Amino acid sequence: MRICVLGGGVVGVASAYYLAREGHSVTLLEAREGLALETSLANGAQLSYSYVAPLADPAVLPKLPGWLLNRDSPLRFVPSLDPHQWRWCLAFLRACRSDVARAVTAELLGLGYHSRALVHDLVTREKLDFDYQRNGKLVVYRDPAAFAGARRQLDYQAGLGSSQQALDGAACVALEPVLAQLGDRLAGGIHTPSEDAGDCHAFSTKLAELTGQRYGARFHCGERVTGLRREGRAVVAVRTEGGEIEADAFVIAAGMGSVPLLAQLGLRLPMYPLTGYSLTAPVVSGRHRPPGISITDLHHKVVYARLGQRLRIAGMVDLAGRHPRADRRRIALLARQARETFPDSADFDAATAWCGSRPATPDSKPLIGATPYANLWLNTGHGALGFTLACGSAALLADAIAGRPAPLDAAAFALAR
Ligand SMILES: Cc1cc2nc3c(=O)[nH]c(=O)nc-3n(C[C@H](O)[C@H](O)[C@H](O)COP(=O)(O)OP(=O)(O)OC[C@H]3O[C@@H](n4cnc5c(N)ncnc54)[C@H](O)[C@@H]3O)c2cc1C
């Protein structure tokens, strides 16, 4: 079948890979001059298959005033008159129920484990070089009450197959000596040995290269899709500035760009951008002491990942409008927090700053599978977990297109759920 994938971020590229590997003739169209230059460019680098609990949780409700009033809060809400923002916020608040949060955690864990198996298979099979490390993840807590909450989540997830350990402060330092710098501010941590890390941009571009060479897929950058031509309940072609491109099936994997594309067909995707920031700082051997395993400092909600001779630091969740711009104050805050937490870990003066927008649904679940149009498929809305879930989501999509039963409950990720 001729399949046209719209969007060349990590999710679109992974979709192209799994579809081309099955023998489909795949063409991917990407608006930017290269692949993975939007949200997949410089994210937190975590393949955190077991840290998938949704943002919408009853525990966030008492924190809402702080998000509104404190400009330095890790999560920040800047209200606007945009009805999309208010619609998304209302749906988010409706999802802040413990029964919903638990069900979503279980569904996302299923997709996370599926992704983990596929990433491990892909790394062995295709030998991609993307600063991949199977080094585990340690989430550290400074507040004993937050640590106690994390232990309860650990118990819940243990029943769903997660293998994690709660460590006291001394055990955290034994595992990752640079944490000694936190001293008595360290309440404890949750260690997940089976988490990975890697460079999402390198993963996407190398996977695309391989998919082209080995499976014949075509990747066209600089091709913005401006519209979809339909006949009845099917899409027959997409429009670009260069003309129309016909195919037998179309996959929308355009991150936040999916929303206006689907709106033209009268479909409303429940997605809103959650802006975040990252810094990438060089590590000089012998001079710097970066963490060896991936660390999340939950107090600041900042992640640290070693990528070869670089340290990636990422954080912040800003609900700040549909077309947010890099906020220099937030970047400075991230840099200050990183310097305070791990002062000798990298050359912060030489760090590169980046801002990206997570394409987020209110309940944190991606939208994967069919649409009301017979040959139009979705793979979008991955929020804070697009790198982690890209392989599982793409394989789930390939199952749906082939009409095969999926290894997990695919209905959980359907558009109408
Ligand atoms: C600060 C930050 C840290 C993060 N950390 C992590 C992490 O550690 N682990 C993790 O798993 N996830 C993380 N994420 C989330 C992750 O980066 C995203 O979920 C993921 O990149 C989304 O991928 P995507 O392919 O759906 O979207 P994108 O990467 O945005 O790709 C969509 C592509 O579609 C193209 N496009 C849009 N409209 C059109 C059109 N009309 N025609 C053609 N092309 C179009 C765009 O140019 C873009 O290249 C983080 C995000 C941020 C912001």
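Strand β11 is joined by 4 bridges to strand β12, residues 243–246, and these two strands run antiparallel. They form a hairpin in which 2 residues lie between the strands. The register of this pairing can be followed in the predicted model through individual partners: Arg239 has Glu244 of β12 as its bridge partner, while Ala237 is matched with Glu246 of β12.

On its other pairing, β11, which spans residues 234–240, meets strand β10, residues 225–231, in the antiparallel sense over 6 bridges. Here Arg239 of β11 appears again, this time as the bridge partner of Gly227, so that Arg239 is bridged both to Gly227 and to Glu244 according to the DSSP-based pairing. The hairpin of β10 and β11 likewise has 2 residues between its strands, and within this hairpin Gly232 takes a positive phi near 60 degrees.

Taken together, these strands make an open sheet of 3 strands in the order β10-β11-β12, with antiparallel pairing. Because β10 and β12 stand at the edges and each has a single partner strand, one side of each is left without a neighbour in the sheet. From one strand to the next, the twist of this sheet averages 30 degrees.

A second open sheet is built from 6 strands, which follow the order β9-β2-β1-β13-β20-β19 and show mixed pairing. Its edges are held by β9, residues 218–221, and β19, residues 367–370, and since each of these has a single partner strand, one side of each is left without a neighbour in the sheet. The twist in this sheet averages 20 degrees from one strand to the next.

Within the sheet of 6 strands, β1, residues 2–6, and β13, residues 249–252, pair in the parallel sense over 4 bridges, and the bridge partner of Ile3 in β13 is Ala249. Helix α1, residues 10–21, packs on this sheet, where it touches β1, β2 (25–30), β9, β13 and β20 (376–380), and the direction of α1 makes about 170 degrees with that of β2.

At the level of the whole chain, the domain assignment gives domain 1, made up of 2–40 + 201–271 + 364–413, and domain 2, made up of 50–196 + 272–360. The centres of domain 1 and domain 2, taken over C-alpha atoms, are separated by 26 Å. Between them, 38 residues of domain 1 are in contact with 30 residues of domain 2.

Both domains also take part in the second largest pocket, since its lining draws at least three residues from each of domain 1 and domain 2. This pocket holds about 490 Å³ of space. Its lining comprises 21 residues, of which Ala91, Leu269, Pro270, Met271 and Pro362 are the closest to the centre of the pocket. Among the helices, α3 (83–95) and α8 (258–263) each supply at least two residues of this lining, and α3 gives the most to the lining, with 6 residues. Sorted by class, the lining of the second largest pocket has 14 nonpolar, 1 polar and 6 charged residues.

Key. Residues numbered from 1 in each chain as written. Predicted model: local features only at pLDDT ≥ 70, side-chain atom pairs only at ≥ 80, totals over all residues. Heavy atoms only, no water. Axes fitted to C-alpha atoms, helices over the stretch in contact; angles between N-to-C directions. Contact = heavy atoms within 4.5 Å. 1 Å grid on protein atoms, 1.4 Å probe; cavity = no way out; pocket = protein on both sides within 12 Å on 5 of 7 lines; lining within 4 Å. Points joined across faces, edges and corners; volume = space filled by probe spheres on them. Nonpolar A, V, L, I, M, F, W, Y, C, P; charged D, E, K, R; others polar.
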